[in-house]
Amino acid sequence: QVQLVESGGGLVQAGGSLRLSCAVSGRTFSTYAMAWFRQAPGKEREFVAGISWSGGSTYYADSAKGRFSISRDNAKNTVYLQMNSLNPEDTAVYYCNADRGDGTPKYDYWGQGTQVTVSS
């Protein structure tokens, strides 16, 4: 079973930046598209950003376009999410998962996530 370990969250003021990391176990990491998702209190988990297996293609939710940037390092089995111009609506627990290429998660299990809190 692939393990997903997210880190890098924290408390930041509106307008600030954070960089999230997701370490993935398993030899097949480089063959999967990967994505970030988030879940705010009282809301369903939603897609944020995705990246193809090679890193050559990225795709974003409208809420993330122009502010967030996803990247990956296949040598380190790690995917990143650079988040800029954060606002309180970005407050959520952020998770990574393999992606089916369309913003839907491949696995039905999740890591512990990393909490992002943006103060106004």
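E46 is partly exposed in this predicted model, with a relative accessible area of 37%, and E46 forms a salt bridge with R38 in which the closest N and O atoms are 2.7 Å apart. That pair belongs to a network of salt bridges that links R38, E46, R67 and D90, and the structure holds four salt bridges in total. Two open sheets are described below, one of six strands with mixed pairing and one of four strands with antiparallel pairing, together with an aspartate, D99, that is buried yet has no salt bridge.

**Salt bridges and their surroundings**

- R38, the partner of E46, is buried, because its relative accessible area is 7% and the cut-off for that class is under 20%; E46, by contrast, is partly exposed at 37%.
- R67 forms a salt bridge with D90, and the closest N and O atoms of this pair are 2.7 Å apart. R67 lies in the loop between β6 and β7 (68–73), whereas D90 lies in the loop between β8 (78–83) and β9 (92–99), so the pair ties together parts that are 23 residues apart in sequence.
- Both members of that pair are buried, R67 with a relative accessible area of 17% and D90 with a relative accessible area of 1%.
- K65 forms a salt bridge with D62, with the closest N and O atoms 3.1 Å apart; D62 is exposed, its relative accessible area being 64%.

**A buried aspartate without a salt bridge**

- D99 lies in strand β9 and is buried, but it has no salt bridge, and the nearest side chain of opposite charge, that of R100, is 7.6 Å away.
- What the side chain of D99 does make is a polar contact with the side chain of Y59, at 2.6 Å.
- When residues up to four places away in sequence are not counted, D99 touches A33, M34, A35, F37, Y59, T104, P105 and K106, so Y59 appears both among these neighbours and as the polar partner of the D99 side chain, while D99 itself falls in the class defined by under 20% relative accessible area.

**The six-strand sheet**

- The strands of this open sheet follow the order β2-β10-β9-β4-β5-β6, and their pairing is mixed. The edges are taken by β2 (10–13) and β6 (58–60), each of which has a single partner strand, so one side of each is left without a neighbour in the sheet.
- From one strand to the next, the twist in this sheet averages 25 degrees.
- Strand β5 (residues 46–51) is joined to β6 by three bridges, and the two strands run antiparallel; within this pairing, I51 stands opposite T58 in β6.

**The four-strand sheet**

- The order here is β1-β3-β8-β7, in an open sheet whose pairing is antiparallel. Strands β1 and β7 stand at the edges with a single partner strand each, so one side of each is left without a neighbour in the sheet.
- The twist in this sheet averages 15 degrees from one strand to the next.
- β1 and strand β3 (residues 18–24) pair in the antiparallel sense over four bridges, with L4 opposite V24 in β3 and V5 opposite A23 in β3.
- In a regular strand the side chains alternate between the two faces of the sheet. Strand β1 (residues 4–7) shows such an alternation: L4 and E6 point to one face and are buried, whereas V5 and S7 point to the other face and are not buried.

**The loop position T31**

- T31 is placed in the loop between β3 and β4 (33–39), where its relative accessibility of 49% makes it count as partly exposed, a class that ends where exposed begins, at over 50%.
- The side chain of T31 reaches the backbone oxygen of T28 at 2.6 Å.
- T31 and R72 are 41 residues apart in sequence, and their C-alpha atoms are 12 Å apart in space.

Note on methods
Residues numbered from 1 in each chain as written. Predicted model: local features only at pLDDT ≥ 70, side-chain atom pairs only at ≥ 80, totals over all residues. Heavy atoms only, no water. Buried < 20%, exposed > 50% of the residue type's maximum accessible area, 1.4 Å probe, protein only. Pairing = 2+ DSSP bridges. Polar contact = N/O pair within 3.5 Å; in protein donor to acceptor, adjacent residues only side chain to side chain. Axes fitted to C-alpha atoms, helices over the stretch in contact; angles between N-to-C directions. Lys, Arg positive; Asp, Glu negative; His and termini not counted. Contact = heavy atoms within 4.5 Å.
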